[in-house]
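Hi everyone, thanks for coming along. I'd like to walk you through a structure that may be new to you, so please have it open while I talk.

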There are 2 protein chains.
Amino acid sequence: MKRKVTLKQIAKELDVSISTVSKALRNSIEISEDTRQKVQAFAKLYNYRPNNIALSLKNRKTKTIGIIIPEIVHHFFSKVITGIELVANKRGYNVIVGLSNESFDKEVINMQMLANGSIDGFILSIAKETLQQQDYHHFTETINQGMPIVMFDRVADNIPCDKVIVDDIKGAKKAVEKLIHNGCKNIAIITTRDYVSVGKLRTQGYLEALEEHKIDPKGSLILKIEDKLLSDEDLDKLEKEIELLFKSNKVVDGIFAVNELYAVTAIKVARKLGLEIPKSLQVVSFTDGVLSKHSTPSLTTVSQHGQEIGEKAAQLLIDRLELDDEEYNEEEQYETVVIETELIERESTKS
Amino acid sequence: MKRKVTLKQIAKELDVSISTVSKALRNSIEISEDTRQKVQAFAKLYNYRPNNIALSLKNRKTKTIGIIIPEIVHHFFSKVITGIELVANKRGYNVIVGLSNESFDKEVINMQMLANGSIDGFILSIAKETLQQQDYHHFTETINQGMPIVMFDRVADNIPCDKVIVDDIKGAKKAVEKLIHNGCKNIAIITTRDYVSVGKLRTQGYLEALEEHKIDPKGSLILKIEDKLLSDEDLDKLEKEIELLFKSNKVVDGIFAVNELYAVTAIKVARKLGLEIPKSLQVVSFTDGVLSKHSTPSLTTVSQHGQEIGEKAAQLLIDRLELDDEEYNEEEQYETVVIETELIERESTKS
DNA sequence: TTACAAAGCGAAAACGTTTTCGTGTTAAAA
DNA sequence: TTTTAACACGAAAACGTTTTCGCTTTGTAA
């Protein structure tokens, strides 16, 4: 087992100085053709690679991006990571991932672990618990220490940083309008409690769509689910609640679900009650994940373009990281980019 | 914006030496109670945190684990990451993720990016392309440089490193045996081409199960899919091939699919052909992902316990990283841990 | 008073780079 | 022969830590 070779070792071996070796490897004209060749040959032979950590220390940048997300076993978030990784790598950056597991404490700890020099900037989506508590001091502190943050999807409005968001309202509107145009008269929504910002926004989009089409919203058609991590018991409860929705509203002919799981569960329950999809009940979901695409019937859904969100977030962050200090002063503005949603029509709605 | 404060700055401000500050913060008895208090108060006020990069350089360890996986938008792999992250964090390590995207080149590049000091060791699952080319020089080189690797799921047998694998053969056997016990007489398998090791092993398990129950395998019941990244066209082709399977084998009453997608697609096709699940056709799949759980009918499936695999892999790696040098010599053995599979019975088989 | 130990602190090296500046040698120009 | 310029290389600082060793000062024992 040969240990990693360093400049110092090469220098010693070749009986030159460390500086000479360094320069020779970077093809400096200061160094004679002879020595250059000699050094480079030796370096190649011993497979020399500059030590990243030493470089980071010297340059005071790590070329690494910290990602903090609530969970990774989730189609949307993994898509976002794919996007981040794509442009990060293309621009010479690495990606280090922390999971908050929707917990405030883990979010804080993770940020602290990374903020001490390990990374140049953050890309993150806020944990539910943090959203509830509305305690954002760890974000402002990080930013105050000169480390830029880009938030995506679940963002906090009054934090000074770049943001990449989905137009949840508009996306939800598109979904509901699709149902309206397809002739649905009694459209129910299955959503989450309001503290999860996206649930709130999607509900708002639902209401706006109804309003614009002069449909009076009915409270009994709005089902708000307590959104814990979904254990199997919770799934049972979810089914019960949806069943109740159908039973107390016999006329329901359209469903807008704010995520795939609610949608497939609704379909499952509906079928059990003898409803045919999409003939007597049409369903639109949010998030174009594996369930939408491959369950039967496949789901008409609002795609959020997770990968694109990741790409954009990475681009924003790296752009800011690579701002020269001169440009820095003027550029105290932060951007909020809205990634358009797209309605993907499949079998759960009439065409 | 206050920049990050360093020992040097604190020292200057308090008019003591850097050494004193460092010692004071680490509660060294060399330092008087007075100075200690003073320094610690000041450090707290300015929110001092030691720079990780400097520590890494000094200690020659980064407390960071590099993960390289083929893709992240995949239930199994994200579960594994969750597991790795869990124990890594618990033991004070960070996790940095690289995606090979099933490409040999990206795998190599990613490893090079990380192997130069950024991390202490690797946890990885080999890209399909690498598996095909059987070019493993980047693994051996990394190991030769003293950086340990733990491989999981898709491993290369003759590389000297710890491994965490699924007993694919046994898992597949369990699945097929379930079908046999449930009365299936003509069990087909939908698998991948052989160079993907897991496809091969699962096929082997299928054959063994048949053999042990004195059933002659029929070539026409073995469908091998060219396993590219699945675009929508490929999905069409997949359906066509499965349809052909059913049409040329009218008697098929059981299907073992080596992944969820093949299973749901098979079910979809079967239904179109008028087959009832699980009455006239029973299906078992591999990988307990979101499709198995939430599609209709839900799938009986072989769970690989991805999270557990991740946890075990992380444990193996960190244990090795933290071996004292004394213990090191004796311990040149590598471990291969087999994580047992579990058959989870759901609606796609008779109970 | 002398000697010496303990207490409290600082200087410096080390981790592995890159880069600035200086220095010695050689060859060409005056 | 002397001056100068080009060339080739080395020393040292810097990034932010930790740690070893040595130095001063004080208090205590001889």
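**A walk through the two chains**

Let's begin in the middle of a sheet: strand S8 (residues 254-257) of chain A runs parallel to strand S9 (residues 282-286) of chain A, and three bridges join them. If you want one pair to click on, A:Gly254 stands opposite A:Gln282 in S9(A). Please keep in mind throughout that this is a predicted model.

Now let's look at what packs around those strands. Helix H12 (residues 260-272) of chain A packs on the sheet and touches S6, S7, S8 and S9 of chain A. The direction of H12 makes about 160° with that of S9(A). Helix H9 (residues 168-181) of chain A lies across strand S6 (187-192), S8, S9, strand S10 (300-303) and S12 of chain A, and H9 runs at about 170° to S9(A).

So what is the order of the strands in the whole sheet? In chain A it reads S7-S6-S8-S9-S10-S12, an open sheet of six strands with mixed pairing. At the edges you'll find strand S7 (222-225) and strand S12 (342-344) of chain A, each pairing on one side only. On average, neighbouring strands here are turned by 20° against each other, ignoring direction.

Let's zoom out for a moment. The domain assignment splits chain A into domain 1 (7-50), domain 2 (63-166 + 307-340) and domain 3 (168-304). The centres of domain 1 and domain 2 of chain A, taken over C-alpha atoms, are separated by 39 Å.

There is also a peptide bond to point out in chain A: the one from A:Ile277 to A:Pro278 is cis, with omega near 0°. You'll find A:Pro278 in the loop between H12 and S9 of chain A.

Now over to chain B. How do the two chains relate? A turn of 180° and a shift of 0.1 Å along the axis lay chain B on chain A with an RMSD of 0.2 Å. That is the relation of a two-fold axis. The C-alpha of chain B nearest this axis belongs to B:Ile96, at 2.0 Å from it. And 98% of the interface residues of chain B are also interface residues in chain A, so the copies meet through the same surface.

While we're in chain B, take a look at two helices. Helix H2 (residues 18-25) of chain B and helix H3 (residues 33-45) of chain B have axes that come within 9 Å and cross at roughly 85°. That makes H2(B) roughly perpendicular to H3(B). Which residues meet there? From H2(B) come B:Thr20, B:Val21, B:Ala24 and B:Leu25, and from H3(B) come B:Thr35, B:Arg36, B:Val39, B:Gln40 and B:Ala43. By type, the residues in this contact are five nonpolar, three polar and one charged.

Moving to the sheet of chain B, S10(B) and S12(B) pair in the antiparallel sense over three bridges, and B:Ser303 stands opposite B:Glu342 in S12(B). Helix H10 (residues 197-212) of chain B lies across S6, S7, S8 and S9 of chain B, at about 165° to S6(B).

Two loops to finish. A cis peptide bond joins B:Thr296 and B:Pro297, with omega about -5°; B:Pro297 lies in the loop between helix H13 (290-294) and strand S10 (300-303) of chain B. Finally, B:Lys63 is not a glycine, yet has a positive phi of about 55°, and B:Lys63 sits in the loop between helix H4 (52-59) and strand S1 (64-69) of chain B.

Notes. Residues numbered from 1 in each chain as written. Chains lettered and ligands numbered in written order. Predicted model: local features only at pLDDT ≥ 70, side-chain atom pairs only at ≥ 80, totals over all residues. Heavy atoms only, no water. Pairing = 2+ DSSP bridges. Helix = DSSP H or I, 4+ residues; strand = E, 2+ residues; numbered from the N terminus. Axes fitted to C-alpha atoms, helices over the stretch in contact; angles between N-to-C directions. Contact = heavy atoms within 4.5 Å. Domains from an automatic or database assignment. Parallel < 35°, antiparallel > 145°, perpendicular 65-115°, else oblique. Nonpolar A, V, L, I, M, F, W, Y, C, P; charged D, E, K, R; others polar. Least-squares fit on C-alpha atoms with pLDDT ≥ 70 in both.
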